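Me: I should like to learn how to read salt bridges, burial and pockets in a protein model. Could we take these features in turn?

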Amino acid sequence: MLDQSITERNLKLLGTSTWKKFKPGVEYDQFIFNSYKKIEIANTKNGYTFSPFKKHIYKGKVGFDFSTAEDELVLKKLNDSVRRLFKVNPSDRHAIIKQTIALSEDAQPITIARLDIESFYEKIDRNHIVEYVIREWLLSHQNRLILRNWDNQLTKQGISGLPRGMSLSATLSEIRIRQFDREVRKNEKVYYYARYVDDIIVFYTGNKSALVHLLDETLKDTASELSFNSSKSSYTSLDDNERKKLEIDYLGYKIELSKKSHDSSKGIQKRNVEVFISDKKIIKIKKRVRTAFSAYIRDRRFNLLLSRLKFLSGNQYIIGDIDRTKLKSGIYYNYPLITNLSQLDELDKFYKKLIKTKKQPVSNALTMIRNFQGNPDNVRFKKIDSISFKFGYTNRLMNSFSSDFSKKIRKCW
């Protein structure tokens with residue numbers, strides 16, 4: 001049976017990143033002990049009361065953060081309980097892409113929908129989902145009060161929908177949208193459906209108009225406050241694939257489909273499929289390289305610049321709170337399914353051209369690097385020149401950055 005109580009032991013399992021964020025100078029066990037005592041005092045018969053949440057920009061959008069370590073720890077434990085009790089499991093991005101690639105190779109006529117839910121977190125009916133979770137009676141009395149008080153604090157601050165930047169928002173959004181998932185999957189003409197947060201892909205054996213109707217009506221029936229973002233949604237008919245190349249842009253990948261070929265060994269026809277990194281992601285990497293050089297002009301920290309370039313062209317571990325989860329991220333582990341490496345050559349050519357440019361501000365940064373202490377051997381420049389995206393990808397090059405240093409690396413972006 002799940003232990004939903006807020007205990008010192010339970011907080012210790014979830015609090016590593018909170019400790020590093022709020023009190024890294026204090027020994028971890030002492031931090032947890034102090035926080036637990038404060039939570040005990042604040043957790044009255046009417047439930048735990050949250051301090052006002054702090055507004056900030058989260059991935060280019062408005063998000064909210066906690067004012068105290070205690071608030072963050074309490075909500076982390078609540079989220080852990082909700083996630084387990086309601087069996088909310090995150091989608092596997094790579095598994096979705098693998099299946100999408102395999103199905104794209106199938107030669108039969110098909111309509112593919114690529115959909116994005118507009119302002120997903122902001123438009124969710126928070127009252128509806130909070131009341132649903134409370135009415136299910138899976139949460140303990142203590143946790144129901146905490147959930148209610150979290151909702152009340154958001155209402156006091158005039159925050160609509162679910163606040164970005166809080167793990168509970170992701171969990172509640174999954175619960176809110178799961179009925180839509182079920183209803184679409186039940187349709188006999190849908191032979192593949194997947195959703196990663198608010199990014200949806202559907203393989204459908206009928207025509208486009210029928211698929212549009214199915215998706216619009218199902219969303220209206222199951223989560224009427226939500227709508228699809230027409231500017232980020234597209235429908236592709238693979239019947240047209242005989243005449244031209246078609247592209248599906250999904251979850252950071254670009255899947256390119258071309259004319260059918262015959263597999264004589266299996267006696268079947270298959271579509272030719274090539275998988276690339278999405279064009280938007282390539283542009284983003286290039287922009288971050290330029291920004292790293294611009295940041296060097298301001299801070300003159302060469303080791304930080306070199307680490308930023310290694311971060312972009314290599315791979316590293318991401319360590320999570322729960323069970324000390326270790327995930328890998330980077331140029332290979334973000335895009336392990338690409339079948340065409342030409343973009344890595346493109347990135348390397350871009351980089352070599354950039355470090356020879358005479359345009360500002362990059363040329364200023366490179367001049368400072370070359371002239372450091374009048375070093376005739378250009379040791380620093382040689383380190384900069386050795387960066388290669390293709391080498392980092394093909395050799396799965398791993399960097400060793402602490403979580404604190406990784407934050408410093410990403411700060412300029």
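**Salt bridges, burial and a pocket**

Reply: Let us begin with a single residue: E346 has a relative accessibility of 34% and therefore counts as partly exposed. Please keep in mind that the model is predicted.

Me: With which residue does E346 form a salt bridge?

Reply: Side chains of opposite charge can pair when their charged atoms come close. Here the partner of E346 is K286, and their closest N and O atoms are 2.8 Å apart. E346 belongs to helix α13 (residues 342-354) and K286 to helix α11 (residues 279-299), so the pair ties together parts that are 60 residues apart in sequence.

Me: Is K286 buried or exposed?

Reply: K286 is buried, because its relative accessible area of 17% falls under the 20% limit.

Me: Which salt bridge does E105 form?

Reply: E105 pairs with K270, with 3.6 Å between the closest N and O atoms. Since E105 lies in the loop between α5 (93-104) and β5 (111-116) and K270 in strand β11 (residues 268-277), the pair ties together parts that are 165 residues apart in sequence. E105 is partly exposed at 24% relative accessibility, and K270 is partly exposed at 28%.

Me: Where do R83 and D80 lie?

Reply: Both are in helix α4 (residues 69-85), three residues apart, which is about one turn of the helix. Their side chains meet in a salt bridge with an N to O distance of 3.0 Å. R83 counts as partly exposed at 22% relative accessibility, whereas D80 counts as buried at 6%.

Me: How many salt bridges are there by this rule, and which residues are linked in a network?

Reply: The count comes to 24 salt bridges. K21, D65, E72 and K76 are linked in a network of them.

Me: What does N143 touch, leaving aside residues up to four places away in sequence?

Reply: N143, which is found in helix α8 (residues 141-156), touches Q4, L78 and S81 under that condition. N143 is buried, its relative accessible area being 0%.

Me: Which residues line the second largest pocket?

Reply: A lining may be read by residue, by element and by class. The lining consists of V88, N89, S91, I96, E174, R178, D181, R182, R185, Y193, A194 and R195. Helix α9 (167-186) and strand β6 (190-196) each supply at least two of these residues, and the largest share, five residues, comes from α9. By class, there are four nonpolar, two polar and six charged residues. The space in this pocket is about 220 Å³.

Key: Residues numbered from 1 in each chain as written. Predicted model: local features only at pLDDT ≥ 70, side-chain atom pairs only at ≥ 80, totals over all residues. Heavy atoms only, no water. 1 Å grid on protein atoms, 1.4 Å probe; cavity = no way out; pocket = protein on both sides within 12 Å on 5 of 7 lines; lining within 4 Å. Points joined across faces, edges and corners; volume = space filled by probe spheres on them. Helix = DSSP H or I, 4+ residues; strand = E, 2+ residues; numbered from the N terminus. Nonpolar A, V, L, I, M, F, W, Y, C, P; charged D, E, K, R; others polar. Buried < 20%, exposed > 50% of the residue type's maximum accessible area, 1.4 Å probe, protein only. Contact = heavy atoms within 4.5 Å. Salt bridge = Lys/Arg side-chain N within 4 Å of Asp/Glu carboxyl O.
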